[in-house]
Amino acid sequence: MFKFVLNDAATCVRNNVRDFSLNALRLLPHLPQLSPYDVNLQLRENEFVYNFPVDGIVRSYETNQLGSNSPCEDSRTEASLLHRNGFICGIFDGHGGAACGQVVSKRLLRYVSAATLPRQVLKEHIKQNCNSQSFLKCHNDNVDFVNEIKPIYEHSFQKYIKQLSQTPQRDVSSELVHAFLQLDEALSHEALATIDVRTMGVALSGAVACLVHLEGLQLHVASTGDCGAVLGVLDPQTNQWQPKKLNIEHNADNMAEVKRILDEHPKEEHDTVIRNGRLLSQLAPLRAFGDYRYKWSLDIMQKKVVPLIGEQAMAPNYYTPPYLTARPDVQQHELSVNDKFLVIASDGLWDFLSPSEVVSLVGEHINSKKILEPMRLPEGNPTLQQISDQLAERKAGLTRKPIDQNAATHLIRNALGATDYGIEHSKISYYLSLPKDVVRLYRDDITITVIYFNTEHIARLRDAGTGIRAPAA
């Protein structure tokens, strides 16, 4: 009924995907060559761009998604915070099915938007019978939960904000951690209380998450699992792009994370808790929402889950749960005028590109898009020679004109088609033509959001000495 573990061969291949050559792809049965038009249709199918009409910290954002699983297990959500000037967004990478990622992507932003609202304002809205959508405005969300499930989720949210209203305001980082854990706990309560195949499916599938919360100059990135976030910084002295990682992945490559898990269990289990780079030999991310087959007690598993799912629901060597948590690590960063953009993405992108490569590609894309802007003459009384030089520069820049105006699409195109000699169309065509039963061996779902900061607004806030610390109450 539920798929729990990704194909081991698929994971091994993707972990070494950068080593695959086009010749290796050609060992597959002959695939039809897609035309550039068809490639563009597929790459741009899920593009979305939002330009903010009000002068604020965020100028715009661009996002895109290319599925590998069917259905795609990645989700994304972006929203403006209501009742204050702020922005929130997230990337959610599901596993064992799409259910958990889809549910968490919609609900987590609602929990966080309520948690970071000043308590007095929250109390006033509770008196006015607010609902889970009262504190944010989503920009790219056209679907809602089915009628049978929606009241269950709304009840959990009302219970959550009532508890919030009775507790002192915490700093933003603490509120983010609390929201993650409370939502994850709600997934458990809802599944066990209803024993509904849908709520149980959400609890037993899983999702990693990377959430961005921006208010004033304060940028917070909360991450659980193996999505990634990197800040694009323009060095004013060298005019070169520099990456700044804003999260640490929770996987077996993270030795501190491995030690944390081992310390939580008896020494007798140290050979089985993490084996072959996986939690209990099965799960690659070491923190996640859902995945309650790695969290629930033995008693709950035997009485509630096994009768519904079968013995295969029990992970091997399952002795001292919980083995997994949704607790995020939170990094805080105060924006400066040199911070130009932020990229968050599921691990499908990072399988192909490093954070440094991603920042360089987006930086180059920003520069190349300037050629598409209307020509502006120099101030004052420009000479004919100055105008001629400017026209010559624009003409030369036409060779750098980007294929894609959306930076997220630009990253996907480079991830799939980059070679030492530029973008190779035939390579992208192969990746996009792979049959559904083998494509997962070569690439994962890829979901990307690129957030552009408003440098002028940041400068004004810093000059005025405001927006340095978001209000605590």
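The legends below describe close-up views of a predicted model. Local features are given where pLDDT is at least 70 and side-chain atom pairs at pLDDT 80 or more, whereas totals for chains, interfaces and linings use all residues. Residues are numbered from 1 along each chain as its sequence is written, and side-chain values use heavy atoms, without hydrogens and water.

**View 1. The buried face of helix 5 (residues 119-127).**
Arg119, Leu122 and His125 are the buried residues of this helix, where buried means under 20% relative accessible area, exposed over 50% and partly exposed in between, with a 1.4 Å probe and protein chains only. Seen down the axis of helix 5, these residues fall within an arc of 120° and so line one face of the helix; the arc is that of the directions from the helix axis to the C-beta atoms. Their cover includes helix 4 (99-115), helix 6 (150-165) and helix 7 (172-194), with contact meaning heavy atoms within 4.5 Å. Helices (H or I, at least four residues) and strands (E, at least two) are DSSP runs, numbered from the N terminus.

**View 2. Two residues with positive phi, asparagine 129 and aspartate 291.**
Most residues other than glycine have a negative phi. Asparagine 129, in the loop between helix 5 and strand 5 (136-138), has a phi near 60° and is exposed, with a relative accessible area of 69%. Aspartate 291, in the loop between strand 12 (289-290) and helix 10, has a phi near 50° and counts as buried at 2% relative accessibility.

**View 3. An aromatic pair between helix 4 and helix 6.**
Rings of Phe, Tyr and Trp (its six-membered ring) pair if their centres lie within 6.5 Å, and planes under 30 degrees apart count as stacked, over 60 as edge-to-face and the rest as tilted; the whole structure holds 15 such pairs. Tyrosine 111 and phenylalanine 157 form an edge-to-face pair, 5.6 Å centre to centre with 70° between the planes. This pair links distant parts of the chain, since tyrosine 111 in helix 4 and phenylalanine 157 in helix 6 are 46 residues apart. Tyrosine 111 is buried at 2% relative accessible area, and phenylalanine 157 is buried at 1%.

**View 4. The cis peptide bond from serine 70 to proline 71.**
Omega of this bond is near 5°, and proline 71 lies in the loop between strand 2 (58-66) and strand 3 (74-81).
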